[in-house]
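Biologist: I would like to go through the labels attached to this model and hear the grounds for each.

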Amino acid sequence: MHWHILGAGAIGCIWAAQLYKSKHDVTLILRSKERLQQLCESKGIIYQSLNAESCAYNVGAELVKNNTPIKNLLICTKAYSTISALKSVAGRLTSDANVVLLQNGLGPQQEAVKLFPELSLWAATTTDGAYLNAPFHVVRAGHGETLIGMISKKKPLTYNDLIPSPCGDLNISLSANIEHKLWCKVAINAAINPLTALNNCKNGALVSNTVLTKKMQTVCQEVEMIAAACGQDLFDKPLYEMAISIANATAENYSSMLQDIKQKRPTEIEQITGFLCKQADKLNCNAPENNLLLQQVKQLSTAISSA
Ligand code: PAF
């Protein structure tokens, strides 16, 4: 199976390394000659596993404007780039192509289905942990699970038609209700990420600081109400309890949104809290705390990028 991967961040590099290691054809799609040069200088993807061992994987790479056909495409850009990434290679997709969208947030998946009704589109969510030490040097911080499910209206394929097997140390399963899994992830991200980004704190502070804990509780109540209005029954316990246990389990981590702020990158606030606030508006739900967080993160982002 030949996979093209668009988005060579930490998750894209893990996938590329693991597919390559499992003897699949892998091609990274890069946006510039400078990125091709960086990959060349790093001598492929350097993958550092949990036991600190490093391996180099000499994966292939090409530019977006290359015109070779694409049969299997994994897009793991940040959520705000999903649609432009898909559009940038749409002309290269074969008529039977599979496209997997693996990112945080909600909104782009639904937009992709509307824009490309003829495509076999899949959405994925992961609890794998990883970060980049340098371009194409990925450090595996934790082994989680990746769930993939079809989001287009086409006849679903079987597991073996899509999931490359074997797939290294990736733990991938098909999900019959991926939309629900994406909602659950968005709900957790909405509870943890904006508060940590605004307060410049590790996830654990949401449990140890009573003011933040109280705010997180209000955020969770609103998110649960919005989800229910959209027909999503999130977890088998209250969202607040789930958020507390995840904040505890990741107490020493900086959330992805805070990392984006620290590195002056755009955040995924529009695809997380913004998505929820849009649903709330449509359904006349009151979500003042989430709306406030949305505005505050947007303001912080603008202030930081213009500083
Ligand atoms: O986005 C993140 O940072 C993570 O998904 C989570 C679970 C909120 C913890 O850091």
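What follows is a short exchange on the ligand site and on one pocket of this predicted model.

Biologist: What makes Asn203 a polar contact of the ligand?

Modeller: A polar side-chain atom of Asn203 is 2.8 Å from an oxygen atom of the ligand. The cut-off for a pair of N or O atoms is 3.5 Å, so the pair counts as a polar contact. For Ser256 the distance from a polar side-chain atom to a ligand oxygen is 2.6 Å, and for an N or O atom in the side chain of Asn193 it is 3.1 Å. Of the 280 Å² that the ligand exposes when taken alone, the protein buries 81%.

Biologist: Which residues surround the ligand, and which element gives the most to that shell?

Modeller: The residues around the ligand are Lys185, Asn189, Ile192, Asn193, Asn203, Ile246, Ser255 and Ser256. Helix α6 gives the most, with four residues. By class, the shell holds five polar residues, two nonpolar and one charged.

Biologist: How do you know that the second largest pocket lies between the domains?

Modeller: Its lining takes residues from both domain 1 (2-176) and domain 2 (180-305), so the pocket lies between them.

Biologist: What makes up the lining of the second largest pocket, and how is the lining divided by class?

Modeller: There are 19 lining residues, with Leu106, Gly107, Pro108, Phe275 and Lys278 nearest the centre. The elements giving two or more residues are α3 (82-89), α4 (108-115), α6 (178-199) and α11 (273-282). Helix α11 gives the most, five residues. Seven lining residues are nonpolar, six polar and six charged. The volume of this pocket is about 380 Å³.

Technical notes
Residues numbered from 1 in each chain as written. Predicted model: local features only at pLDDT ≥ 70, side-chain atom pairs only at ≥ 80, totals over all residues. Heavy atoms only, no water. 1 Å grid on protein atoms, 1.4 Å probe; cavity = no way out; pocket = protein on both sides within 12 Å on 5 of 7 lines; lining within 4 Å. Points joined across faces, edges and corners; volume = space filled by probe spheres on them. Nonpolar A, V, L, I, M, F, W, Y, C, P; charged D, E, K, R; others polar. Domains from an automatic or database assignment. Near = heavy atom within 4 Å. Polar contact = N/O pair within 3.5 Å; in protein donor to acceptor, adjacent residues only side chain to side chain. Areas by Shrake-Rupley, 256 points an atom, 1.4 Å probe, with all protein chains shown as cover.
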